[in-house]
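Reader: Hi! I have a fresh model to go through and would love some company. Could you look at it with me?

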Amino acid sequence: MMAEHVLNNEKPTFDKPKVELHVHLDGAIRVETIIDVAKRRNIKLPAGTVDGMIDLCTLSEPATLTHFLDKFNHYMHVIAGDKEAIKRIAYEFVETKANEGVIYVEVRYSPHFLANRNVEPIPWDQNEGDVTPDEVVKLVNQGLKEGEEAFKTKARSILCCMRHMPNWSMDVVELCKKYRNDGVVAIDLAGDESLNCTAYPGHLKAYEEAIRSNIHRTVHAGEVGPPSVVREAVEVLKAERIGHGYHTVEDQHLYNQLLQSNMHFETCPVSSKLTGACHPDFSKHPLNRFKEDKANYSLNTDDPLIFNSTLESDYQTVKKYMGFTEDEFIRVNINAAKSCFLPEKEKQALLEELYEAYGMVKNTGF
């Protein structure tokens, strides 16, 4: 049962290796896994069938970001605080991406949202348990590593600070530092864009520590928020990439500045329609402007569980409604690889693999 933007039983829109940089682990869990874990833990779900849970957990029409975030309440309590489930969703995530033709993925999540100890408040109405944010990162790292070995898709993680929980942010940057050589490649800031760093200086403090410690940085900005949020991300938090960034185009000076600096935008087409971040008419989507201006951006799924989507549906969407060609898909994936947070040697190896798969001579101007 797939959303209407997915066309089944067709050859993939871009049947070559891909790179994905913006996808949330807790928004990419298999419904079958949620049901299975709920049975094992004796947790009663609001619906007992796969189709019933899909109906509850997914958006099929444009909504608000708040409505989107409400969807997590239906299932996060099933996975959070359970060691076996946390490792399992990471492992299965890599399998899913391998099946989508992704050869490198950066998956992000909040360690605190999956914990039930050493976190205040404990999320999802859980009782206190024995899974700390640190333990969450270990489990996700193990799942990703085992998935990489099994499915030959390289997976790394990004740890998220949450805008409404500034007291978690220093924990997040310390976890980034601790696990920087064990799968964690960057820090992120996600959540309500109206909560800026002037009002919540805990995030700024964490990002300043990230800068001092040479931790890579991305920030959700300009998704539903105005260009000023993007400006703060770039000028105050020193973001190296922008999560979404659609509304940057409303500030021509800022947009030109970011084009000139080759800032990378992590765009998520299907997501941006269903969260109400952008106009539902894809012909009016800022991604058209990014494409025309040869901006540095990638195509990503964001939360495929909630949008009942796959990476293929995002590629289909931009081909059908925005005229994307194979050359643009190649350019987008090369840019994603160049903008990824892998160490330089691994990044170059990834690029070489893409150049070979695309039949390109290195540095051909894409």
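Reader: Thanks! Let's start with E235: what is its relative accessibility, and is it buried or exposed, or partly exposed?
Author: Happy to help. Bear in mind that this is a predicted model. E235 has a relative accessibility of 37%, so it counts as partly exposed.

Reader: Which side chain does E235 meet in a salt bridge?
Author: That would be R231, with 2.8 Å from N to O. Both residues lie in helix α9, which covers residues 227-235, and they are 4 residues apart, about one turn of the helix.

Reader: And what about R231, how accessible is that one?
Author: R231 has a relative accessible area of 24%, which makes it partly exposed. R231 also forms a salt bridge with D251, where the closest N and O atoms are 3.3 Å apart.

Reader: Where does D251 lie?
Author: D251 is in the loop between β6 (241-244) and α10 (252-260), while R231 lies in helix α9, so the pair ties together parts that are 20 residues apart in sequence. D251 counts as partly exposed too, at 21% relative accessibility.

Reader: Nice. How many salt bridges does the count come to?
Author: The count comes to 31 salt bridges. As general background, side chains of opposite charge can pair when their charged atoms come close.

Reader: Which residues are joined into one network by salt bridges that share partners?
Author: Those are E106, R108, D188, R241 and E266.

Reader: Back to single pairs. What can you tell me about D36 and R88?
Author: Their side chains meet in a salt bridge at 2.7 Å, N to O. This pair links distant parts of the chain: D36 sits in helix α1 (residues 31-41) and R88 in helix α5 (residues 83-99), 52 residues apart. D36 is partly exposed at 37% relative accessible area, and R88 is partly exposed at 26%.

Reader: Changing topic: how much space lies in the largest pocket?
Author: About 680 Å³. The lining of this largest pocket has 32 residues, and L69, F113, M162, H164 and G191 lie nearest its centre.

Reader: Which elements give two or more residues to that lining?
Author: They are α3 (65-70) and β3 (154-162). The largest share comes from α3, with 4 residues.

Reader: Last one, I promise! What is the lining of the largest pocket like by class?
Author: There are 16 nonpolar, 10 polar and 6 charged residues in the lining.

Conventions: Residues are numbered from 1 along each chain as its sequence is written. This is a predicted model: local features need pLDDT of at least 70, side-chain atom pairs count only at pLDDT 80 or more; totals for chains, interfaces and linings use all residues. Side-chain values use heavy atoms; hydrogens and water are left out. On a 1 Å grid over the protein atoms alone, a cavity is a set of points where a 1.4 Å probe fits but cannot get out, and a pocket is an open set with protein on both sides within 12 Å along at least five of seven lines; lining residues have an atom within 4 Å of a point. Grid points are joined across faces, edges and corners, and a volume is the space filled by probe spheres set on the points. Ala, Val, Leu, Ile, Met, Phe, Trp, Tyr, Cys and Pro count as nonpolar, Asp, Glu, Lys and Arg as charged, and the others, Gly among them, as polar. A salt bridge is a side-chain nitrogen of Lys or Arg within 4 Å of a carboxyl oxygen of Asp or Glu. Buried means under 20% relative accessible area, exposed over 50%, partly exposed in between (1.4 Å probe, protein chains only).
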